[in-house]
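Student: I am new to this structure, and I would like to learn how its features are read, one at a time. Could we start once it is in front of us?

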Amino acid sequence: MIIAEKKPIEEIIREVEAYDRILVLGCNECVTVCEAGGKKEVEVLASVLRMNFMAQDREKTIDERTLERQCDHEYLEEIRDVIDQYDAVISLACGVGVQFAAEKYMTTPVLPGVNTVCLGANEDRGLWTERCQACGSCVLARTGGICPVSRCAKRVLNGPCGGSTNGKCEISKDTDCAWQLIIDRLKALGKMDDYEIVAPVKDWSTDRAGGPRTVTREDVKI
Amino acid sequence: MSEYVSDSRLERVLKVGHLGVTSECGPPRGSDPEEIKKKGMLIKDYVDAVNVTDNQTAMTRMSSLAACVHLKLLGIEPVLQMVTRDRNRVALQSDILGAASFDISNMLCLSGDHQSFGDCAQGQNVHDLDSMQLVQTVRYMRDEGKFLGGDDIKRPPRLFVGAAANPFADPFEIRVPRLAKKIACGAEFIQTQCIYNVDKFKEWMRRASDRGLTEKVFIMAGMTPMKSVGMAKYMKNKVPGMDVPDEIIQRLAGVEKKHQAQEGIQICVEHIQELKEVPGIAGFHIMAIEWEEKVPEIVEKSGLYPRPEV
Ligand code: SF4
Ligand code: SF4
């Protein structure tokens, strides 16, 4: 899922400073699961903002709403009838949700309330780790199911680089070397011979390098 | 002679069967060429070629290509080091052609240290290709006379192509398969990471030779003299992928501080002499980091001087 992190409160306060009627808009999907932008976080942020402005003796309206998803027309439509009551929306959805809301409500500023970090997994309570960078042409079949694009600091496809030590990446003792993980898995699968298959020069045109990507599915279109 | 793929002196020395000797120079962190020229002149007659590092440890420096040209103009044969960290395939191929236009004849393909170690830790890295794919790219440009995109190159580059190997990085069991992979990609010579654990290195060489890899590639053993016990401890504890046995540290610690540098050189010379006897060793890559003035002494004491005429 998409992993996001709360923005520092000072930054949010700076962003909304100029507005008097603010809607804090959460999302019930990924950002709820990673505890950055669901109903609970909407409540907390709204109260912090209220307290902050109260302390400055400033009257502001700060309302709360959490949609099922912000990356879907259907749910975003739910605020169409109220959107004009606000000078700004602070969206706690991922970058996709923020943009989709902004596109839909052209004349209302929609500001991000979280930093969208990566596509990741929930490894442990309070620990999310990156697993994929959506490169658009998956190599996992060749790498023991471990992604070198997102998990190797240098994206090397024929690793490990010379910096791998004790299974850790050269960038930090706390970061696993993706290639150590790949080798461990190939060993477990009895497929060490696969290690010597050379990964050819990758076509990155399906990655961000090819420009914004679109997925069209004729079979599901109506 | 037709069996040569380039005009590289290093290639000739190795192919004739002499032990090759290379060293390295880091370009300056400024635009004054005198520094690199001075370093080059110190070692000119003692080595077959001089590697020029490419923004090593991710610190921004004069470009490796420009520094190579300065050396070349002094009659010193450069080995152009290229890392894949900073440039995409367009820029890399373009620099390869640029180097070839100056008849630079050797290239070493690397991925490069991560930018977080350098002076631009906030920068993007590129890694469009990895080091093995860069080897494939140069070989394709040279042997097929084509760009990666498939178009013909007018006057393709003639480069002797090398790669690095670290016999000590983890996991040890893939060190030889990884060498095999680099050779499969087209590496013609290999310069290794600094060797301090000679026994472990010999084990790696034995395994490489059992697989017939030493027949396919020229392996140059990487040597870096220790300046002090402090440096040895730093290398052991702080430099990723470095294997410094305790004996080395004890030996350096056992001599007075002012004699430690000499002891470091002595250790280096002993290691070279020991490794000269190891089957499959094609030469030595002496990386005396910011200590180039000691390279002649090491080369002489190791019996590698004078360099052969080829
Ligand atoms: S190879 Fe690409 S698509 Fe597959 S997991 Fe890695 S980044 Fe994602
Ligand atoms: S140490 Fe491993 S994960 Fe880190 S950059 Fe090198 S190969 Fe990639």
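Tutor: Helices (H or I, at least four residues) and strands (E, at least two) are DSSP runs, numbered from the N terminus. This is a predicted model, in which local features need pLDDT of at least 70, side-chain atom pairs count only at pLDDT 80 or more, and totals for chains, interfaces and linings use all residues. Residues are numbered from 1 along each chain as written, chains are lettered from A and ligands numbered from 1 in the order written, and side-chain values use heavy atoms, without hydrogens and water.

Student: What takes a positive phi just after α5(B)?

Tutor: Gly145(B) does, with a phi of about 65°.

Student: Why does the span of helix α5 of chain B agree with what is expected?

Tutor: The expected span is 1.5 Å times one less than the number of residues. For the 13 residues of α5 (residues 131-143) of chain B this gives 18 Å, and the end C-alpha atoms are 18 Å apart, so the two agree.

Student: Which residues of α5(B) are buried?

Tutor: Buried means under 20% relative accessible area, exposed over 50%, and partly exposed in between (1.4 Å probe, protein chains only). Among the buried residues of α5(B) are Leu134(B), Val138(B) and Met141(B).

Student: What do the buried residues of α5(B) pack against?

Tutor: Contact means heavy atoms within 4.5 Å, and the partners in chain B are β3 (78-83), α4 (89-101), β4 (106-110), β5 (160-165) and α6 (175-185).

Student: Which residues does Trp204(B) contact?

Tutor: Leaving aside neighbours within four places in sequence, Trp204(B) is in contact with residues including Phe172(B), Leu179(B) and Ile219(B).
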